[in-house]
Amino acid sequence: MSNNGLFSTGTLADWISSKLLLSGHNNGETLRNNLVPKEIEVFTWRARKKRLPVLFELDKRGVDLNSVCCPLCDGDIESVNHSLILCKQAFDVWCKVFEWWGRSGTLLLQVEDLLSDTGYARSDIGKSIWQAVMWSCSYLIWTNRNQKVFSNKCWNVPVALNEIQVKSYEWIAKRCKNKSIDWHNWLHNPQIYLL
Ligand SMILES: [Zn+2]
């Protein structure tokens, strides 16, 4: 809690992080990644535990809803997997992100697998960078799903890719002490950071 007695998003994220991520509730899974902001670590933990407020999960917990169909595409039940990976736009965004990293055709279709994937990185820092990109991309897909649902803001694939490239660079490059990350390479030759 902050000095004025109110929770801010940042302090709430810190609190959840300290209670949930560090307290041995993680069954030995690696949940920390110090290349992304704490909010993204918390989001990732929730996504892997299927604790995001997608319609399917709200329905399971007894919330009275008219429909559990995806509010973006109306083509399937809105589960965590659907929202973050299988929904048409999310899927197209992932394809572009994998293409950017030279990994076409290897998209993982389960959130648990995708968020714990270490790619084809050869070093520990490379694995952390790849995981940080996966987490950042999932987080941005989710925040944009919310903006669409609550504010009717649109997001298209080229804008999404650009936002993911810019924000993941801002988050990761500034926190990465072991490797200097250059913007031009990040955009055009990111694979070198996985070595
Ligand atoms: Zn959908």
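In the predicted model, glutamine 165 touches three tryptophans and a leucine beyond its neighbours within four places in sequence, namely Trp100, Trp183, Trp186 and Leu187. Glutamine 165 belongs to helix α8, which spans residues 157-175. With a relative accessibility of 10%, glutamine 165 falls in the buried class, because that class takes in values under 20%.

Helix α8 is part of a chain with nine helices and zero strands. Along the sequence the pattern therefore reads α-α-α-α-α-α-α-α-α. Of the 195 residues in the protein chain, 42% are buried. Among contacts with a separation of 6 or more, 57% join residues 24 or more positions apart.

Helix α2 covers residues 38-48, and eight of its eleven residues are buried, so the helix is largely enclosed by the rest of the structure. The buried positions are Ile40, Glu41, Val42, Phe43, Thr44, Trp45, Ala47 and Arg48. Charged residues are included in this list, Glu41 and Arg48 among them. Just after α2, lysine 50 adopts a positive phi of about 55 degrees.

Helix α2 packs against helix α7 (residues 124-151), with the two axes 10 Å apart and at an angle of about 80 degrees. The two helices are therefore roughly perpendicular to each other, since angles of 65 to 115 degrees are classed in this way. On the α2 side, the contact is made by Glu39, Ile40, Glu41, Phe43 and Thr44. On the α7 side, Trp135, Ser136, Ser138, Tyr139 and Trp142 take part. By residue class, the contact of α2 with α7 consists of five nonpolar, three polar and two charged residues. Ile40, Glu41, Phe43 and Thr44, which contribute to this contact, are also among the buried residues of α2.

A zinc ion is coordinated through the SG atoms of Cys70, Cys73 and Cys87 and the NE2 atom of His82, at 2.1 to 2.3 Å. The spacing of these donor residues in sequence is C-x2-C-x8-H-x4-C. The angles subtended by the four donor atoms run from 103 to 117 degrees, which makes the arrangement tetrahedral. For four tetrahedral donors, the ideal angle is 109.5 degrees. Two of the donor residues can be described by their accessibility: histidine 82 is buried, at 6% relative accessibility, whereas cysteine 73 is partly exposed, with a relative accessible area of 34%.

Terms used
Residues numbered from 1 in each chain as written. Predicted model: local features only at pLDDT ≥ 70, side-chain atom pairs only at ≥ 80, totals over all residues. Heavy atoms only, no water. Donors = N, O, S within 2.8 Å, 3.2 Å for Na, K, Ca; no water. Tetrahedral: all angles 85-135°; square planar, octahedral: opposite > 155°, others 65-115°. Buried < 20%, exposed > 50% of the residue type's maximum accessible area, 1.4 Å probe, protein only. Helix = DSSP H or I, 4+ residues; strand = E, 2+ residues; numbered from the N terminus. Contact = heavy atoms within 4.5 Å. Axes fitted to C-alpha atoms, helices over the stretch in contact; angles between N-to-C directions. Parallel < 35°, antiparallel > 145°, perpendicular 65-115°, else oblique.
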